[in-house]
Amino acid sequence: MDQINMAPGQDAQRPTVEGAQNTVRVLLAWAGDDPNREGLKDTPARVARAYRELFAGYQDQPRNVLSTTFEEVGGYNDAVLVRDIPFFSHYEHHMLPFRGVAHVAYVPSKRVVGLSKIARLVELYARRLQVQERMTSQIADALEGSLQPYGVAVLVEAEHMCMSMRGVAKIGSKTLTTTFRGVLQTDASLQARIFSNVRG
């Protein structure tokens, strides 16, 4: 079996594609259907390909996404906010999707990063099995570690299918998670401005 590039601290081996497809066949049968019928016979291969895409975040590390930074900021010393970054992820407890938007802000100290890299960072963490709280912190941790900014703020707002499709079945309910670091944790007026800009 080939070694998977897991998140830091994890040590696991990836099963073969054939093993993954066999698992899907077992789940189809367990759900009560016939995995050999015409409509399902190619489903295991499709699911395996879909999982490669949906969980592509395990194939990269944040340090690679944020490896290129720039010192030329022209004296800019205020917050940089990239808002309404859409994402899809999967809740690790039920493996059901959750989706929403992330808003990411930081106050540069000496270096800035390309705006598209912030969106890529959100995508990297979203395309792993997640809980929203951890994903919020991971984005902030990565920016802090790479840029050493004066402050970081991450706000994530999402709807969880584990609440909408099953259990309490409350369609449309959303969860908001936030983390503030550095000056964005201690400066109430700057924090309020970030909230205001996020809300448009």
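# Salt bridges, sheet and surface: worked exercises

Glu144 and Arg181 form a salt bridge, with their closest N and O atoms 2.7 Å apart. Glu144 belongs to helix 5 and Arg181 to strand 7, so the pair ties together parts that are 37 residues apart in sequence. A salt bridge here is a side-chain nitrogen of Lys or Arg within 4 Å of a carboxyl oxygen of Asp or Glu. Helices (H or I, at least four residues) and strands (E, at least two) are DSSP runs, numbered from the N terminus.

The model is predicted: local features need pLDDT of at least 70 and side-chain atom pairs count only at pLDDT 80 or more, while totals for chains, interfaces and linings use all residues. Residues are numbered from 1 along each chain as its sequence is written, and side-chain values use heavy atoms, with hydrogens and water left out.

## Exercise 1: Charged pairs

Find which residues are linked with Arg181 in a network of salt bridges, and decide whether Arg181 is buried or exposed.

*Solution.*
1. The network links Asp141, Glu144 and Arg181.
2. Arg181 has a relative accessible area of 16% and is therefore buried. The classes are buried under 20% relative accessible area, exposed over 50%, and partly exposed in between (1.4 Å probe, protein chains only).
3. Glu144, at 31% relative accessibility, counts as partly exposed.

Next, locate the two ends of the salt bridge between Arg193 and Asp78.

*Solution.*
1. The N to O distance between the two side chains is 3.2 Å.
2. Arg193 is in helix 8 (residues 188-199), and Asp78 is in the loop between strand 1 (69-70) and strand 2; the two are 115 residues apart, so the pair links distant parts of the chain.
3. Arg193 is partly exposed at 38%, and Asp78 is partly exposed at 27%.
4. Another salt bridge joins Arg46 to Asp42, with the closest N and O atoms 4.0 Å apart.
5. Arg46 is partly exposed at 45%, as is Asp42 at 40%.
6. The whole structure holds 11 salt bridges.

## Exercise 2: The sheet

Give the strand order of the open sheet and name its edge strands.

*Solution.*
1. The sheet has 5 strands in the order 5-2-3-6-7, with mixed pairing. Two strands pair if DSSP finds at least two bridges between them.
2. Strand 5 (129-130) and strand 7 (175-182) are the edge strands, each pairing on one side only.
3. Strand 2 (residues 80-91) pairs with strand 3 (residues 96-107) over 10 bridges in the antiparallel sense. In this pair, Val80 stands opposite Tyr106.
4. Strand 3 and strand 6 run antiparallel and are joined by 10 bridges; Ala105 faces Ala153 across them.
5. Strand 6 and strand 7 also run antiparallel, joined by 8 bridges. Leu155 stands opposite Thr178 there.

How many residues of strand 6 are buried, and which helix lies across strand 2?

*Solution.*
1. In strand 6 (residues 151-160), 9 of the 10 residues are buried, which leaves the strand mostly covered.
2. Helix 4 (residues 115-126) lies across strand 2, strand 3 and strand 5, at about 20° to strand 2. Axes are lines fitted to C-alpha atoms, for helices over the stretch in contact, and angles run from 0 to 180 degrees between N-to-C directions. Contact means heavy atoms within 4.5 Å.

## Exercise 3: Positive phi and a nonpolar patch

Locate Met95 and name its partners in the nonpolar patch.

*Solution.*
1. Met95 lies in the loop between strand 2 and strand 3.
2. Met95 has a positive phi of about 55° although it is not a glycine. Most residues other than glycine have a negative phi.
3. Gln148 likewise has a positive phi, about 45°, and sits in the loop between helix 5 (132-147) and strand 6.
4. Met95 forms a surface patch with Tyr51 and Leu54, with about 250 Å² of accessible area together. Patch residues have over 30% relative accessible area and no salt bridge; like charges are joined within 9 Å, nonpolar side chains (Val, Leu, Ile, Met, Phe, Trp, Tyr) within 5 Å. Accessible areas come from the Shrake-Rupley method with a 1.4 Å probe; for residues, only the protein chains shown count as cover.
5. Met95 is partly exposed at 39%, and Leu54, at 32%, is also partly exposed.
6. Leu54 is in helix 2 (residues 43-54).

## Exercise 4: Gln21

Is Gln21 buried or exposed, and what is it in contact with?

*Solution.*
1. Gln21 is in helix 1 (residues 17-31).
2. Its relative accessibility is 17%, so Gln21 counts as buried.
3. Beyond neighbours within four places in sequence, Gln21 is in contact with Pro44, Ala45 and Ala48.
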